[in-house]
Amino acid sequence: MKVLVVEDEPAMLESIERALKQENAVVETAMNLNDALDKALIYEYDCILLDINLPDGSGLEILQELKNQNKSDGVLILSARNSLDDKLKGLNLGADDYLTKPFHFSELIARIRSIVRRKKFDGNALLEIGNIQVDATNQSITIHNEAVTLNRKEFAILMYLISNKGRLVSKTALAEHVWGDHIDESDNFEFIYSQIKNLRKKMNDLDSGIEIQSIYGVGYKLMES
Amino acid sequence: MKLIQRTIVFMSLALLIALSAWAFIFYVNMIDEVHDSIDDGLDNSKLLIIHEANQDSTVLYKTSFDEGNYAIRKMPADHALKHYDQYKDTLMYMENEHDLEPVRLLTTVFEAKENQFYELKVISSMVEEDDLIEDLFYSLLWLYLILMVTILVINALVLRSMWKPFFTYLNRLSQFKLEKNEKVQPIQSKTAEFQLLNKVVTEVLESNIRSFHNQKQLIENASHELQTPLAIALNKLQLLAENKELSEEIVKEIFQTIETLERLTRLNKSLLLLSKIENKQFRDEELVCFNELIQNILNEFQDQIEFKELELDLAFEGELKAQINPELARILITNLIKNAIRHNFKKGKIGILLTDSSLQISNSGTDKPLDPAKVFQRFHKESNDQSSTGLGLAIVKSIVDLSGYRISYNYALGIHQFMINFN
């Protein structure tokens, strides 16, 4: 997986680079619009992470250029602005997704994987992990070639954990991904636990070859067993 | 009391005093003049009578006034020599009026023959002072009334039209609200005072509007600027927590720090949202169907409602469609429902009642009412809940205010109720 990160904040850039390398991605970086345009127009990337506010212009120009050159790299906008206008503008210019800072790395990685899946395999890829085959388009899974029924939330949780395989996913990140940004943390996300419990039971009973570990009560980690 | 009424009261009092003083002086002068001319007449009569008495001694025996205007009486010399002419007002019975009427009486002494002294009294009828006062009083009353009517008319026509720009301006000022981001239209007037008023008020307002906007801008800018460092700190901590060599204790510490920073992020986002609402950055309103919206949002909260085993009483008694920014409508309902879940207890109740023009969201909770004056204030927290930003209801209030609706809080028997009126 080859990713271009366009970000003018060095500390931010470095963190993103490290997180992506943990996922075995090939990472290239650009800290201004010119560098970013150079790299984006010469090379092919599976995904471009794009900050809109750059010192020498708007990241949206890159989108425009990619469009003009008929390039179909996946683009994920990373913005400090949680503005519907910016989001719509970006998506209209051909961005695939929009993520507001600050974000959870698990969310970033899940989004990148989803973009890459759609771009590379037109979304038809069957994801395989352990004994599970996941059909992301139809939101269904089979284990040992047998269809398994998961409810919408169980599927979302499983998909998120698979995308972040081996990575510690915090309860907050999981809750926000599955239940939405506005989810209320007042009960410390205890309601997540019942869904996890069901999912874990199904995975164990059907010999899925994966294990959902609880990590010190702060989050979960999916491992191949 | 209105300015015009005040003017009239002052004018009428001042006129009353001035007219009374004038009447007093006028009366005194007039009476003085009357006395003067009557006394001259009496003096003349006196000389004529004395002259006649010198020629015709029968005159000396006319001791009573009867049909004439004089009476004569003999007088001892020693008395007479001490006597001076005296003018006096007195009363006398008048046949024609059948009453005692005021007369002017001159008492004098004259020597008819050698050492024969006589006292002579001459009278002349006088103005009737009470009648005079009465006449004067009525004339003055009429004058006063006419003056008052004139003043009223002048006030009504002239002053009212002269003050009109002032009242127009006052009306505009009273409708001015800092948050509304509108300017007060200046008044058109050639009057120097009003032009000055225009200038002064405009300056004061503009400086206030400026500092208000600066302050709002500061909140928005500060919130924006905070997002990036927060993002960096959060991401660094997330990477740190991935380190497999860390002990459970340290990972937990890191996540506690992450949670604190996430709370700060939420707070920051809420402040930014509040600031954007108040800066009117949500412009596009459309007709939003709340029945649908509420149903959608409830679905999102279903797991939390089930987890808390809350009893949901959902009643759609009508179809509520209202003009509002759709993004804000979603935030509004989300915050209210989140609030009703958060401040509830296990196995509590949530009630949602929707009519054509109103929405009520109620929940069981603490058994004492919240302070209605403070419930919508920023950072006002009734509970010690660490994860609460204290901004949720403030955001609700500003959305409702911005959209031009009304929200109220009620409490009865352990049920807290928020009601939005969309009329």
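In this predicted model, the A–B interface brings 37 residues of chain B into contact with 37 residues of chain A. Putting the two chains together buries about 3600 Å², with 56% of that area on carbon and sulfur atoms. As for specific pairings, 8 residue pairs are in polar contact across the interface, counting pairs with both residues at pLDDT 80 or more. On the chain B side, α4 (192–241), α5 (248–278), α6 (290–307) and α7 (326–342) each chip in with at least two residues. The top contributor is α4(B), which puts 12 residues into the surface facing chain A. Sorted by class, that side of chain B comes out at 15 charged, 11 polar and 11 nonpolar residues.

Salt bridges between chain B and chain A number 3. One of these pairs A:R167 with B:E242, where the closest N and O atoms sit 3.7 Å apart.

B:E242 turns up again when looking at internal space. Searching the whole structure for cavities of 30 Å³ or more gives just 1 hit, and the largest cavity holds about 110 Å³ of space. Its lining has 13 residues, and those closest to the centre come from both chains: A:S106, A:L168 and A:S170, plus B:Q238 and B:E242. In terms of secondary structure, two or more lining residues apiece come from α5 (105–121) and β12 (169–170) of chain A, and from α4 and α5 of chain B. The make-up of this lining is 7 nonpolar, 4 polar and 2 charged residues. So much for the cavity; α4(B) and α5(B) thus appear both in its lining and on the side of chain B that touches chain A.

Notes: Residues numbered from 1 in each chain as written. Chains lettered and ligands numbered in written order. Predicted model: local features only at pLDDT ≥ 70, side-chain atom pairs only at ≥ 80, totals over all residues. Heavy atoms only, no water. Contact = heavy atoms within 4.5 Å. Buried area = accessible area lost by both parts, 1.4 Å probe. Salt bridge = Lys/Arg side-chain N within 4 Å of Asp/Glu carboxyl O. Polar contact = N/O pair within 3.5 Å; in protein donor to acceptor, adjacent residues only side chain to side chain. Helix = DSSP H or I, 4+ residues; strand = E, 2+ residues; numbered from the N terminus. Nonpolar A, V, L, I, M, F, W, Y, C, P; charged D, E, K, R; others polar. 1 Å grid on protein atoms, 1.4 Å probe; cavity = no way out; pocket = protein on both sides within 12 Å on 5 of 7 lines; lining within 4 Å. Points joined across faces, edges and corners; volume = space filled by probe spheres on them.
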